[in-house]
Structures are given as structure tokens and as C-alpha cells.
Amino acid sequence: MTRLILASQSPARTKLLTDAGIRHDVLVSDVDEDAVQAKYGVTDAHDTALLLARAKAEAVAALPEAEGALVIGCDSVFEFDGESHGKPYTAEVARERMLRMSGSQGVLHTGHWLVDCRDTAADVEDDATDETTDGTGATVGAVASAEVHFAEMSTYDIDAYIATGEPLHCAGSFTIDGLGGAFIRKVDGDPHAVVGLSISTLRDLLVHANVGITELWDNDEQ
């Protein structure tokens, strides 16, 4: 049975996989996002999302618990007015961003990186057994992007939303699958990318590991 590990602590990502019937475990990386960005000097939102997704996936793939599994790492970065926005963390930053976003639009980029940690033929070539190996050694990534259009938001709406605490730990200061969905007028692109993990992009990446997404379906939940 093929194991998939999600290298993310995001409840939205694991819920998305669960709702899609995809069997998975969660193993959180200890990647310092600021340090990774400083090391590579990446500022473009698209490239930053991919860089951080790779860093998370590779950090988890290096752990003993990931042996024999596929690891998927994800990270989301919101691009607005040519600037990259991650999590705001404070109410002041969230409020400033949302006042600007009101009635406007931006692009949410979600990076995905897949690492195949299963044994390959090369890993066992000196072994005298006839053990079958499925690993490909694949380490591949892709970015799924979607343009998000926001409704006009009053200062009351913004302050009430921030008071819930929801936007403080979300890329771009909003969610689509929670309270923030009330302020999103439309999405051009994959809505799953806005949640934080594109199922169709995951399917495409799995091809590089010779795995069909249906192999990961939890048939007990169907």
C-alpha cells in the first residue's frame, strides 16, 4: 500500500485530502521559512511558494518516519500589487492588507513539491533478495495559481473578521473555506489552490512517481 505524507500542519490541507478520499499521514517540518527565503534571496511570489514547498517536503523526506513513503509539501503566497504576502500574524498587518484588498483582486500561488522516498532498484541492487522496488527517486514540483476577486469590505467587516483570529495565520489574510469566504466574490482558477493544496496538481505530480491518485483513495471511506 502506497503511503502519502503531508508535510504541513495546515488543518485545511489535511481536511481537503480527507474530503477527497485520499489516505495520508501528517508529519510537520521544522523549516524556518524566513531563513530559507533569506538564503536564496527569492522574492517573487510564485517562486517563493515553490521554494518553501520544496524545503518542507525535503525536510520531512529526510526523517526516518518518511522511509518508504511519498511526501508532499505545500506552501501558499499571495501576490497583490506586485508584492508577496504570507501570513500577517498581527491584526495591524491584516487590517492594512484587507483595506487595500477590498474590492480588488490578487493571485494566490500554492507551491507543491513531491519526494518519492521509496526504495529504488539502485538502493537494493547489492541485496541478494528478489525484493520488488517501486521507488522512482522522483523529486518534482509545480505551482497552482488562482486569481481571487474580493467584494467591497467595510471597516466593520474587516475588524469583525480580524477579531475572529482566522486571517492572522493565512497567506494573504483570508480563507475561502472558512469565514473569509463571505468576502470572496469569485475565483479564476483552481479553488483548491486557494485552500492550499490542488488535488489535480497532486495527481499530475504523482505520475512522476508512477502512482495513480486512485491508489491513494481510502476505499473504506467511499
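Here is a friendly conversation between a student and a tutor about the structure above.

Student: What kind of model is this, and how are its residues numbered?
Tutor: This is a predicted model, in which local features need pLDDT of at least 70 and side-chain atom pairs count only at pLDDT 80 or more, while totals for chains, interfaces and linings use all residues. Side-chain values use heavy atoms, with hydrogens and water left out, and residues are numbered from 1 along each chain as its sequence is written.

Student: Which residues of helix α7 are buried?
Tutor: Helices are DSSP runs of H or I with at least four residues, strands are runs of E with at least two, and both are numbered from the N terminus. Buried means under 20% relative accessible area, exposed means over 50%, and partly exposed lies in between (1.4 Å probe, protein chains only). In helix α7, which spans residues 199-207, the buried ones are Ile199, Thr201, Leu202, Leu205 and Leu206.

Student: Why do these buried residues of α7 lie on the same side, and how wide is their arc?
Tutor: The arc is that of the directions from the helix axis to the C-beta atoms. On the other side of α7, Arg203 and Val207 are exposed. The buried residues are on the same side of α7 because they cover an arc of only 155 degrees.

Student: What covers the buried residues of α1?
Tutor: The buried residues of α1 are Arg13, Leu16 and Leu17. They cover an arc of only 95 degrees around the axis, which puts them on the same side of α1, and the face turned away carries the exposed residues Pro11 and Asp19. The cover over the buried residues includes β1, β3, α6 and α7.

Student: Which element gives the most residues to the largest nonpolar core?
Tutor: A nonpolar core is a set of buried Ala, Val, Leu, Ile, Met, Phe, Trp, Tyr and Cys residues joined through side-chain atoms within 4.5 Å. The largest one has 20 residues, and those with the most contacts inside it are Leu4, Ile22, Ile72, Leu114, Leu202 and Leu206. Two or more residues come from each of β1, α1, β3 and α7. The element that gives the most, with four residues, is α7.

Student: How many residues does the second, separate core have?
Tutor: Among the members of this second core are Leu108, Ala146, Phe183 and Val194. Its total is 19 residues.

Student: At what angle do the axes of α4 and α5 cross?
Tutor: Axes are lines fitted to C-alpha atoms, for helices over the stretch in contact, and angles run from 0 to 180 degrees between N-to-C directions. Contact means heavy atoms within 4.5 Å, and here Ala91, Ala94, Arg95, Met98 and Leu99 in α4 meet Thr155, Ile158, Asp159, Tyr161 and Ile162 in α5. The two axes come within 10 Å and cross at roughly 145 degrees.

Student: Which backbone nitrogen lies 2.9 Å from the side chain of aspartate 116?
Tutor: Aspartate 116 lies in strand β5 and is buried, with a relative accessible area of 7%. A polar contact is a pair of N or O atoms within 3.5 Å; within protein, one must be able to donate a hydrogen and the other to accept it, and residues adjacent in sequence count only if both atoms are side-chain atoms. The backbone nitrogen at 2.9 Å from a polar atom of this side chain belongs to threonine 136.

Student: Is histidine 109 buried or exposed, and which side chain makes a polar contact with its own?
Tutor: Histidine 109 is found in strand β5. At 7% relative accessibility, histidine 109 counts as buried. Its side chain makes a polar contact, at 2.6 Å, with the side chain of serine 145.

Student: Where is tyrosine 89, and what is its phi?
Tutor: Most residues other than glycine have a negative phi. Tyrosine 89 is found in the loop between β4 and α4 and counts as exposed, at 51% relative accessibility. Although tyrosine 89 is not a glycine, its phi is positive, at about 70 degrees.

Student: Is serine 173 buried or exposed?
Tutor: The place of serine 173 is in the loop between α5 and β7. Its phi is near 75 degrees, a positive value in a residue other than glycine. At 0% relative accessibility, serine 173 counts as buried.
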